[in-house]
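Reader: I would like to understand how the words used for a structure follow from its numbers. Could you take me through some of them?

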Amino acid sequence: MAASPRAFVLRHTRLRPVPGLEEIRLHLADEVLPLWHAVQIETGDPDAALPYWAFAWAGGLAIGRHLREHPEVVTGRRVFDLASGSGLCAIAAMKAGAMDATGADVDAFAATSIALNARANGHRVSVVRRDVLDEEPPDVDVILAGDCWYDARLAERVLAWLHRARDHGIEILVGDPGRAYLPTDELIELALYEVRTTTELEDLERKEGRVYALRPA
Ligand SMILES: C[S@@+](CC[C@H](N)C(=O)[O-])C[C@H]1O[C@@H](n2cnc3c(N)ncnc32)[C@H](O)[C@@H]1O
């Protein structure tokens with residue numbers, strides 16, 4: 001990597017309120033393809049992942065709205081935000097009164113963004129930058145999984161891990177706009193929100209983001 005991930009994130013994003021969740025500010029980008037290209041150059045990796053961390057995704061936006069309406073889901077509890085990206089769900093949990101929050105992501109720029117964004121909102125969020133899906137679930141009360149059902153293999157691994165977490169007594173909240181690999185048979189719908197996203201990422205500016213609990217065993 002040529003510069004520090006922090007310098008790269010700051011250079012390619014702007015701190016601004018999240019549409020529909022204006023009380024949260026994130027370092028966000030406007031366009032995905034130029035930034036993806038910059039990531040490929042910066043990392044020297046033509047297969048570098050999409051810069052998910054520079055956008056607030058529909059699934060995370062739905063979880064954020066849900067936590068604003070129902071802070072009791074996380075108030076005073078320990079929260080783990082799987083596939084955290086920008087850290088949106090972890091930050092929303094802290095705003096709703098969580099005791100502590102951890103954001104986990106495999107992407108180095110996401111890890112940097114989670115920390116930067118948490119600080120920009122006056123919160124501390126711990127960062128785990130590794131793939132936890134082959135590990136035992138963490139010692140927390142609630143797991144948030146925002147928008148992680150877009151890839152078949154990832155979805156299969158996330159579901160198996162969430163099942164293990166549920167069997168440990170952890171409460172699970174999934175947020176999703178209807179991605180291809182969403183395991184609807186395994187979920188109970190709790191809420192539906194119209195969320196504002198961008199046609200840089202989606203077919204429409206407004207999407208229906210649903211929040212689900214994991215069905216009991
Ligand atoms: C579509 S983004 C969602 C980000 C955020 N939750 C939101 O809703 O705005 C999916 C995120 O999953 C992360 N991811 C992919 N595989 C992962 C894994 N095995 N463990 C943790 N995060 C992963 C990606 O790096 C990306 O940041």
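Author: What follows is a short exchange about the ligand and a pair of rings. This is a predicted model, in which local features need pLDDT of at least 70 and side-chain atom pairs count only at pLDDT 80 or more, while totals for chains, interfaces and linings use all residues. Residues are numbered from 1 along each chain as its sequence is written, and side-chain values use heavy atoms, with hydrogens and water left out.

Reader: What makes the oxygen atom of the ligand and the side chain of Asp105 a polar contact?

Author: A polar contact is a pair of N or O atoms within 3.5 Å; within protein, one must be able to donate a hydrogen and the other to accept it, and residues adjacent in sequence count only if both atoms are side-chain atoms. An N or O atom in the side chain of Asp105 is 2.6 Å from an oxygen atom of the ligand, so the pair meets the cut-off. A backbone N or O atom of Gly60 lies 3.0 Å from a ligand oxygen atom, and one of Gly146 lies 2.9 Å from a ligand nitrogen atom.

Reader: Why is the pair of Phe8 and Phe109 called tilted?

Author: Rings of Phe, Tyr and Trp (its six-membered ring) pair if their centres lie within 6.5 Å, and planes under 30 degrees apart count as stacked, over 60 as edge-to-face and the rest as tilted. By this rule there are six aromatic pairs. The ring centres of Phe8 and Phe109 are 4.7 Å apart and their planes stand at 35°, so this pair is tilted.
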